[in-house]
Amino acid sequence: GQVQPTPKPFFATLHGLLDAEGEITLGELLDAAGEQTYGLLVLLLSLPNLIPGLNVGLAPVGGVGLMALGLQLAWGRPHPWVPRRLKAQPIHKGRIKDALARLETQLSRFRWHGSQRRPLSPLWMGAVIAWTGFLLALPVPLPFGNQLPAAILCLLGAALLEERPAWAWIGAAASFGNTLYFAFSFDLIFRASMTAFHVFVK
């Protein structure tokens, strides 16, 4: 297929919004995203899990949200349903912008010269995002238990935003590796899940 001309990267638009004066809500960011709402939401739900001081207790909530997001994408909804109350929430601009800058630095390593940009399969991407969101939601007492799936989800979100199949394939392979990592520690995860369940029930 023909290689598409490179449009203005969405990251540049996102930085512009985060640099603007005053408070910005999630709804305003989503309006600016347009057709790229899914990619933006995947990033926004994943990034906080990589920010020290902001990531405490967020993984289960973010993971469940990402599972719902992935299922909506796989189902073929053109725009995800987001509760009105959530849309009204203000964004922590400073921390998100810093995390975004670090993410872009890492992503620049994957911007190969001549790599194609084309729309990604919603069904396939939705399935991978939903599964990786499930991995993020698990109460895993392992090194990088939350950070690993969160970083993979950031890559998948960026792949959706910039329509880069290569990033999506790397993300899918990393998600498979993450699954194996958790599978080999299944007994530990199962006991931690049971403990969390009993605490919740009490």
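**View 1. The partly exposed residue E163 and its backbone.** With a relative accessibility of 28%, E163 counts as partly exposed, because that class takes in values between 20% and 50%. In this predicted model, E163 is placed in the loop that joins helix α8, spanning residues 147-162, to helix α9, spanning residues 165-183. Most residues other than glycine have a negative phi. E163, although not a glycine, has a positive phi of about 50°.

**View 2. The nonpolar surface patch that includes M194.** Six side chains, those of F186, F190, M194, F197, F200 and V201, make a nonpolar patch of about 680 Å² on the surface. One of these residues, M194, belongs to helix α10, which covers residues 186-201. The relative accessible area of M194 is 34%, so M194 is classed as partly exposed.

**View 3. The helices of the protein and the contacts among its residues.** The secondary structure of the protein amounts to 10 helices and 0 strands, and when read along the sequence it gives the pattern α-α-α-α-α-α-α-α-α-α. Among contacts in the protein with a separation of 6 or more, 80% are accounted for by residues 24 or more positions apart.

**View 4. Buried residues and exposed surface of the protein.** The protein has 202 residues, of which 41% count as buried, a class that requires a relative accessible area under 20%. The protein exposes about 11,400 Å², and carbon and sulfur atoms supply 65% of this area.

Methods:
Residues are numbered from 1 along each chain as its sequence is written. This is a predicted model: local features need pLDDT of at least 70, side-chain atom pairs count only at pLDDT 80 or more; totals for chains, interfaces and linings use all residues. Side-chain values use heavy atoms; hydrogens and water are left out. Helices (H or I, at least four residues) and strands (E, at least two) are DSSP runs, numbered from the N terminus. Buried means under 20% relative accessible area, exposed over 50%, partly exposed in between (1.4 Å probe, protein chains only). Contact means heavy atoms within 4.5 Å. Accessible areas come from the Shrake-Rupley method with a 1.4 Å probe; for residues, only the protein chains shown count as cover. Patches are made of residues with over 30% relative accessible area and no salt bridge: like charges are joined within 9 Å, nonpolar side chains (Val, Leu, Ile, Met, Phe, Trp, Tyr) within 5 Å. A salt bridge is a side-chain nitrogen of Lys or Arg within 4 Å of a carboxyl oxygen of Asp or Glu.
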